Amino acid sequence: MKLHAQAPSNFNTVTGYGSDYIEVNRIRHTGSLILTPDTPVHPWDAEAYEELRQEHFAPVLALEPELVLIGTGALQRFLHPRLTQALAQAGVGFEVMDTAAACRTFNILTAEGRRVVGALLAPGSASGPRGSA
């Protein structure tokens, strides 16, 4: 799916996504990403929902976000509270949704000037049972 920004911006914007990529500012990235409005795109070493550990959220928290959007791949799958414990203890809000929804929401929150971080598993990641961690 292609997304189009309403106005040019100096911020990172998700301009498209598919089963095996996320496109940021018209540059395709494969694999999982950590995305902020104003820093370079970083690969996220979390490759699949089933492999998520607390340690995967340390680089996310280091970016001092106001809100974290956690994209869980092709399906919305909720995380065990132990995985997001550090975010909660730091007072950082977070939302869990499928990666496509997280990409769209990232653009909206960035346009609103929010300090959002996207922790996005590759959009096609859909293996394993839904809703478990």
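Biologist: In what order do the 5 strands of the open sheet stand?

Modeller: This is a predicted model: local features need pLDDT of at least 70, side-chain atom pairs count only at pLDDT 80 or more, and totals for chains, interfaces and linings use all residues. Residues are numbered from 1 along each chain as its sequence is written, and side-chain values use heavy atoms, with hydrogens and water left out. Strands (E, at least two residues) and helices (H or I, at least four) are DSSP runs, numbered from the N terminus. The pairing in this open sheet is mixed, and its order is β5-β4-β8-β6-β7.

Biologist: Which strands stand at the edges of that sheet?

Modeller: Look for a strand with a single partner, because one side of such a strand is left without a neighbour in the sheet. Two strands fit: residues 42-43 and residues 93-97. They are β5 and β7.

Biologist: In β5, which residue is the bridge partner of Ile 34?

Modeller: Strands pair if DSSP finds at least two bridges between them. β4 (residues 33-35) and β5 have 2 bridges and run antiparallel. Opposite Ile 34, the partner in β5 is His 42.

Biologist: How many residues lie between β1 and β2 in their hairpin?

Modeller: β1 (residues 14-18) runs antiparallel to β2, with 4 bridges joining them. One of the partnered pairs is Val 14 with Val 24 of β2. The number of residues between the two strands of the hairpin is 2.

Biologist: Which residues of β2 point the other way from Tyr 21 and Glu 23?

Modeller: β2 covers residues 21-24, and its four side chains are buried (under 20% relative accessible area). For comparison, exposed means over 50% and partly exposed lies in between, with a 1.4 Å probe and protein chains only. Tyr 21 and Glu 23 share one direction, and the other belongs to Ile 22 and Val 24.

Biologist: Which residue in the turn between β2 and β3 has a positive phi?

Modeller: β2 also pairs with β3 (residues 27-29), antiparallel over 3 bridges. Glu 23 has its bridge partner in β3 at Arg 28. The hairpin leaves 2 residues between the strands, and a positive phi of about 50 degrees belongs to Asn 25.

Biologist: How many residues apart are Asp 38 and Arg 115?

Modeller: These two form a salt bridge (a side-chain nitrogen of Lys or Arg within 4 Å of a carboxyl oxygen of Asp or Glu). Their closest N and O atoms are 2.7 Å apart. Asp 38 is in the loop between β4 and β5, and Arg 115 in the loop between α3 and β8, so along the chain the gap in residues is 77.

Biologist: Is Arg 77 buried or exposed?

Modeller: Arg 77 forms a salt bridge with Glu 50, the closest N and O atoms being 2.7 Å apart. Glu 50, at 42% relative accessibility, counts as partly exposed. Arg 77 has a relative accessible area of 1%, so Arg 77 counts as buried.

Biologist: Which residue joins Glu 112 and Arg 114 in one network?

Modeller: The side chains of Glu 112 and Arg 114 meet in a salt bridge, at 4.0 Å from N to O. Salt bridges that share partners extend this pair into a network, whose other member is Glu 66.

Biologist: What distance separates the C-alpha atoms of Arg 82 and Gln 54?

Modeller: Arg 82 sits in the loop between β6 and α2, and at 41% relative accessibility Arg 82 counts as partly exposed. Gln 54 is 28 residues away along the chain, yet the C-alpha separation is 7.0 Å.
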